Amino acid sequence: MTTQSQVWVSKISLISFLLLLFAWYYFFNTDNWLNEYGFANQDWLFLIDIAISMPLICFLCIKSVNQALIKSIGYFALFVTFGSYFIPGEDQTIWPYLTDLRYLILVIFVFMEFSAIYCVFVAIKNAVSIKTDPDLAIESAVKSTFGANTISSILILEARVWYFIFCSRSINPNLYYGERAFFYHFKDSQQSNALGFILMIAFEIPLMHLLLHFIWTPFAANIITGLTLLSLVFFIAEYLAMSLRPITIDKQNIFIRYGVFNTMTVPILNIQSISTSHGFIKRQPHIKRYNFSGVPNIEIALATPIGDITHIYIGVDSPNAFIDAVTSHNQKSDKITGLVGSVR
């Protein structure tokens, strides 16, 4: 099975969940021949799908038994939650008991999720303690627990955020893979600016919460405050990562790490040109920008696009040294390629 086929198979459970949810919403809220025009709205029929059909789909489409079990429990709780809203009250015979049960299910689900996250952090800590690249430690720990998929990519980013929040003192920049490291926190005072934003957000949170509490609703104030706190956590992680997570170069690749975002690997032989950049770079589909403040000072043109990306713009503390390092490695790679070609 190809990688693309595996991705589609892994999404079948989500698609099935949405289709079943829509189908049962239609069943309970319209009068049709399926429910004998409103006289046979039996909620136990819905229970068969969410307790048997949906778990079977999860276990058939997901290789990992643990992931399939976690998703089955999660979908069951979601079905019960949505069903309590769209199933008419007079047709709910089993559902009131399930509605009370969903809280227990959610507690079990959250416990399992936190257990998995704890195992990931233990694995990461053990890997870092033996002087392993922190990014590789996080990636291997997450993928061994959740598999290699789109969700893992999101979880890798999330794990990196929390790792910088709680374990930044144990991170050594020299452990990141690569022969030469380049930083970007001094460029245009990027780290100082990030600290300023952090202080502004922290100062704004209590004031905004009180304002929204009185002019809108307490519920809305709690939601917006929670989202603002999450953004504050992200900013703090970015602030810490700027001086601890460098861009590195080895004989074959540039590893672009910027803040807490996932690494972009650029083969040096795929670089058509590299030069300094001075102007504002507009956001475009074929351009990737790595820069927090000011304008990027490095432009990389790719010989072969990476996905849709043809140009990469980076802001670093020492642009000329960065260009010299990439150029020297590129020249060495060209010499090696020429020698191999002459031998052949």
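**Helix packing and two sheets in a predicted model**

Helices α2 and α3 are roughly antiparallel to each other, a label given to angles over 145 degrees, while angles under 35 count as roughly parallel, 65 to 115 as roughly perpendicular and the rest as oblique. I begin with this pair, colleagues, and shall then turn to the rest of the fold.

First, the basis of the talk. This is a predicted model, in which local features need pLDDT of at least 70 and side-chain atom pairs count only at pLDDT 80 or more, while totals for chains, interfaces and linings use all residues. Residues are numbered from 1 along each chain as its sequence is written, and side-chain values use heavy atoms, with hydrogens and water left out.

The protein has nine helices and eight strands; both are DSSP runs numbered from the N terminus, helices being H or I of at least four residues and strands E of at least two. Of its 344 residues, 39% count as buried, where buried means under 20% relative accessible area, exposed over 50%, and partly exposed in between, with a 1.4 Å probe and protein chains only. Among contacts with a separation of 6 or more, 63% are between residues 24 or more positions apart; contact here means heavy atoms within 4.5 Å.

I return to the opening pair. Helix α2 covers residues 43–61 and helix α3 residues 65–86, and they pack at an angle of about 155° with their axes 9 Å apart. Axes are lines fitted to C-alpha atoms, for helices over the stretch in contact, and angles run from 0 to 180 degrees between N-to-C directions. The crossing of α2 and α3 is right-handed, meaning that the near helix is turned clockwise from the far one by less than a right angle; anticlockwise would be left-handed. On the α2 side the contact includes Phe46, Met54 and Phe59, and on the α3 side Lys71, Tyr75 and Phe79 are among the residues met.

Which residues does serine 13 touch, beyond its neighbours within four places in sequence? They are Met54, Ile57, Cys58, Ile62, Lys71 and Tyr75. Serine 13 itself lies in helix α1, residues 3–29, and counts as buried because its relative accessible area is 1%. Of its partners, Met54 and Cys58 also belong to the α2 side of the contact with α3, and Lys71 and Tyr75 to the α3 side.

Next, helix α6. With 18 residues, 150–167, α6 reaches 25 Å from its first C-alpha to its last, close to the 26 Å expected at 1.5 Å a residue; the expected span is 1.5 Å times one less than the number of residues. Its buried residues include Ser152, Ile156, Val161 and Phe164. Helix α6 packs with helix α8, residues 218–242, at an angle of about 70°, their axes 9 Å apart. That angle makes α6 roughly perpendicular to α8. The contact is made by Val161, Trp162, Phe164 and Ile165 of α6 with Val233, Phe234, Ile236, Ala237, Leu240 and Ala241 of α8.

Is isoleucine 201 buried or exposed? Isoleucine 201 counts as buried, because its relative accessibility is 11%. It is found in helix α7, residues 190–215. Leaving aside neighbours within four places in sequence, isoleucine 201 is in contact with Thr228, Leu232 and Phe235. The C-alpha atoms of isoleucine 201 and serine 231 are separated by 8.7 Å, at 30 residues apart along the chain.

I come now to the sheets. Four strands form an open sheet in the order β1-β2-β3-β4, with antiparallel pairing; two strands pair if DSSP finds at least two bridges between them. The edge strands are β1 (180–182) and β4, each pairing on one side only. Neighbouring strands in this sheet are turned by 20° against each other on average, direction ignored. Three bridges join β1 to β2, residues 247–249, and phenylalanine 182 has isoleucine 247 of β2 as its bridge partner. Four bridges join β3, residues 253–256, to β4, with isoleucine 254 opposite valine 266 in β4. Along β4, residues 264–267, Met264 and Val266 point to one face and are buried, whereas Thr265 and Pro267 point to the other and are not.

The second open sheet also has four strands, in the order β5-β7-β8-β6, with mixed pairing. Strands β5 (271–276) and β6 (287–290) stand at the edges with a single partner strand each, so one side of each is left without a neighbour in the sheet. Its neighbouring strands are turned by 15° against each other on average, direction ignored. Strand β6 runs parallel to β8, residues 309–314, and four bridges join them. Arginine 289 has tyrosine 313 in β8 as its bridge partner.
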